Each structure stands twice: as C-alpha cells, then as structure tokens.
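Please open the structure in the viewer and keep a selection panel at hand. The tour proceeds by selections, each followed by a description of what is found there.

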Amino acid sequence: MGESLIIGGVDAAFLGVNDLAAQLDLYVGQLGWEVVEEGVLPAAEAAALWGEGIGDLPLTVLNAAGAQHGRLVLVQVPEQEAPAHPLQADTGLVAINMYTRDIEVSHATLAAAGQQWRTPPATWAVPLGDKLVSVTQGFLLAPEGTDIVFVEPAQARGTAAWDAEPDRHYTELTSVVCHVPDFEAETAFWGPDGLGLQSWYDVSFTHPGLDEMALLPAGSVMRLSFLAGPTTARLEVTRLENRTLGTDLRAQQRTGRHLGHTGWLFKVKNLEETLFRVEQLGGTVCTRNQAGPSVLFGGRPVAFVDTPNGLPVTFVEISG
C-alpha cells in the first residue's frame with residue numbers, strides 16, 4: 001500500500017446543463033449552495049482537455065457553505081434533448097448524493113417547489129460486518145437528467161458545510177455513484193493499492209426498500225463499495241448481481257458534451273505519476289498532462305482519463 005496520489009476525496013462532479021436558470025433555482029435557490037466562480041472555457045482549451053469537437057464552454061462552480069471539495073461544476077453544453085434519468089441498474093454514472101437534515105421536510109418542500117421525486121423517501125438496512133446500518137434516502141429527478149440521492153444519515157459523517165454552518169439543511173456532495181460491469185477493476189483502480197482512496201467497506205445485500213426506491217426487481221442483490229479520502233465526498237461503486245438489467249449510458253455521459261452527470265474531478269499531488277498509475281491499473285489516458293485553463297483549474301496541469309470501466313475523470317495537479 002503506497003501513499004495516496006489523490007488529495008482529499010471527490011473534488012467535484014461535472015453536470016452538463018442547457019437551462020442554467022433551472023439549475024441555479026434548484027442548487028442555489030432551494031438547496032442553499034453558492035456560486036463561487038463563473039467563466040468560459042475557450043473552445044481550444046476545452047478540446048485540448050476533453051477532446052476535439054467541443055466549442056466554448058461556460059462554467060459555473062458551486063459549493064455549499066464554502067466547502068472546497070464535494071463541489072458541482074455546471075458546464076453549459078450545446079443544446080440537446082434531455083436524457084432519461086439514470087436508473088440504478090444502468091451502466092455508467094448514476095447519481096450524486098448529499099445529506100439532508102430532515103428528508104421528509106426536503107421531500108415536501110422540494111415537491112412544493114415543482115421538483116420531481118422518483119419515489120417517496122424510504123428507510124432500509126445495509127449490513128456492515130455483523131451490524132445493520134439504517135439508511136433513509138430518496139431519489140430526486142433533478143433538471144436535465146441528473147439524479148440526486150438525498151440521505152438523512154442515522155449518524156452523520158462530518159461535512160465541511162455542516163461544520164461551517166451547523167443549522168443548514170443540506171451539505172456539499174457526500175458521494176458520487178457509479179454502476180459498473182467490472183467491479184473488481186474499478187475498486188482496485190481507486191483503492192489503497194491503486195490511486196489511494198481507502199476502502200470503507202465492500203458489502204452485498206438485498207432489501208425491499210432498495211428495490212422500491214431504485215425501481216429494481218424484487219430480491220435484487222447489490223454489491224457496494226465505499227472508497228473515501230479525508231474530505232467529505234466519496235465514491236460509491238455498485239454492481240447488481242443480475243447483469244442483464246439496465247442500459248449502458250457511458251457513451252452519452254462525456255464531460256463537456258452531454259447533459260446530466262458527466263464526470264468527476266479529482267485533485268492529485270503528481271499528475272505524471274497519476275497518469276502512469278492510471279495506465280498500470282487498466283485505465284485509459286485520453287488527454288495527457290497539459291497546462292489547464294484559467295477558469296476552474298487556475299492554469300495548473302490537467303489531464304482527462306477513463307477508468308477501467310470507461311468512466312470520465314479529470315485530474316488537476318495541486319502542488320504544495
């Protein structure tokens with residue numbers, strides 16, 4: 001087990017958007033996040049990072065109560081039809097998660113504001129070793145194809161937003177969720193012997209509450225691994241036992257091109273070493289180490305990769 005190349009945990013999730021006003025109404029107006037940076041990523045710089053054929057990309061960066069991680073980056077992509085919302089059985093990026101103080105209040109107030117829930121909140125149990133941990137959560141169908149899972153934690157892990165503002169209702173991102181064909185390759189890529197996130201647990205379980213909330217067939221068995229750094233937002237890697245379910249969404253989830261949840265951002269200590277490990281661990285380097293745009297990246301070295309399961313990840317080197 002070597003030293004982690006990743007600084008913290010998940011720095012941000014990228015969301016492709018067309019209707020910025022609708023996005024800001026939800027995240028800023030209703031969830032209490034703040035706009036902390038706005039700018040335009042010029043076409044040449046966008047293409048150099050995320051691939052040819054991308055035009056100018058306006059970016060809006062959001063955080064919760066000043067949290068410098070677990071952020072959202074809204075990327076205004078070319079006009080296109082909104083995609084169907086991912087289901088838990090679909091292959092690719094599934095959801096972004098955050099904590100709520102009271103999920104029943106969240107359900108009522110967000111529904112009253114015109115937001116759509118897939119199902120009402122539900123409580124179910126996840127086995128962790130010899131213990132059962134109660135989970136209360138619900139899926140919100142956010143604008144333009146993004147799924148938000150709101151979690152009312154039985155025992156809240158500390159978050160920067162709640163540390164800064166103990167009375168606020170919502171936190172920064174607490175996790176990002178993917179569903180992958182090769183579970184072992186993905187967890188090895190991110191884990192202690194890979195890029196260095198710590199494995200909190202790796203469990204398989206079934207529960208009627210999960211089936212109802214995630215619209216799964218009765219008795220579905222899910223394998224779940226939480227991979228975390230010292231900051232709040234972690235990775236949830238999932239795999240359903242029944243691999244005939246769902247749709248492969250990965251080709252429609254490319255950063256800077258598509259609507260919805262379209263990628264992750266991580267800060268790393270040494271970008272060249274990170275890219276070397278990416279290839280060793282079965283990932284693909286799509287664009288190599290280069291000077292990043294000033295907006296979002298501050299001119300620091302950046303690169304774009306696919307994980308072993310083809311999930312889009314942007315790395316930025318943070319020195320010091």
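## Starting point: Arg300

Select Arg300, which is located in the loop between E15 and E16. The model is a predicted one. Is Arg300 buried, exposed or partly exposed? Its relative accessibility is 39%, so Arg300 counts as partly exposed.

Next, add Glu317 to the selection. Although 17 residues separate Arg300 and Glu317 along the chain, their C-alpha atoms are 6.2 Å apart. Now display the contacts of Arg300, leaving aside residues up to four places away in sequence: Arg300 touches Gln290, Ala291, Gly292, Val316, Glu317 and Ile318.

## The strands and their sheet

Select residues 301-306, strand E16, together with residues 312-317, strand E17; the two strands pair in the antiparallel sense over 5 bridges. Within this pair, Val305 is found opposite Val313 of E17.

Extend the selection to the whole sheet, an open one of 8 strands with mixed pairing, in the order E2-E3-E4-E1-E14-E17-E16-E15. Which strands stand at the edges? They are E2 (34-41) and E15 (284-291); each has a single partner strand, so one side of each is left without a neighbour in the sheet. On average, and with direction ignored, neighbouring strands of this sheet are turned by 20° against each other.

Then select helix H7, residues 271-280. Helix H7 lies across E14 (260-268), E15, E16 and E17, and runs at about 175° to E15.

## The largest pocket

Move to the largest pocket, which holds about 620 Å³ of space. Its lining comprises 34 residues; select Val135, Val151, Tyr201, Phe226 and Arg234, the ones nearest the centre of the pocket.

Colouring by element is useful here. Elements that each supply at least two lining residues include strands E5 (92-100), E7 (122-128), E9 (147-153) and E11 (198-205), as well as helix H6 (208-213). Which element gives the largest share of the lining? That element is E8, with 6 residues; strand E8 spans 131-141. A colouring by class shows 23 nonpolar, 7 polar and 4 charged residues in the lining of the largest pocket.

## The second largest pocket

Finally, turn to the second largest pocket, with a volume of about 220 Å³. Select Pro83, Ala84, Leu249, Gln252 and Leu259, the closest to its centre among the 15 residues that line the second largest pocket. By class, this lining has 5 nonpolar, 8 polar and 2 charged residues.

Technical notes: Residues are numbered from 1 along each chain as its sequence is written. This is a predicted model: local features need pLDDT of at least 70, side-chain atom pairs count only at pLDDT 80 or more; totals for chains, interfaces and linings use all residues. Side-chain values use heavy atoms; hydrogens and water are left out. Two strands pair if DSSP finds at least two bridges between them. Helices (H or I, at least four residues) and strands (E, at least two) are DSSP runs, numbered from the N terminus. Axes are lines fitted to C-alpha atoms, for helices over the stretch in contact, and angles run from 0 to 180 degrees between N-to-C directions. Contact means heavy atoms within 4.5 Å. On a 1 Å grid over the protein atoms alone, a cavity is a set of points where a 1.4 Å probe fits but cannot get out, and a pocket is an open set with protein on both sides within 12 Å along at least five of seven lines; lining residues have an atom within 4 Å of a point. Grid points are joined across faces, edges and corners, and a volume is the space filled by probe spheres set on the points. Ala, Val, Leu, Ile, Met, Phe, Trp, Tyr, Cys and Pro count as nonpolar, Asp, Glu, Lys and Arg as charged, and the others, Gly among them, as polar. Buried means under 20% relative accessible area, exposed over 50%, partly exposed in between (1.4 Å probe, protein chains only).
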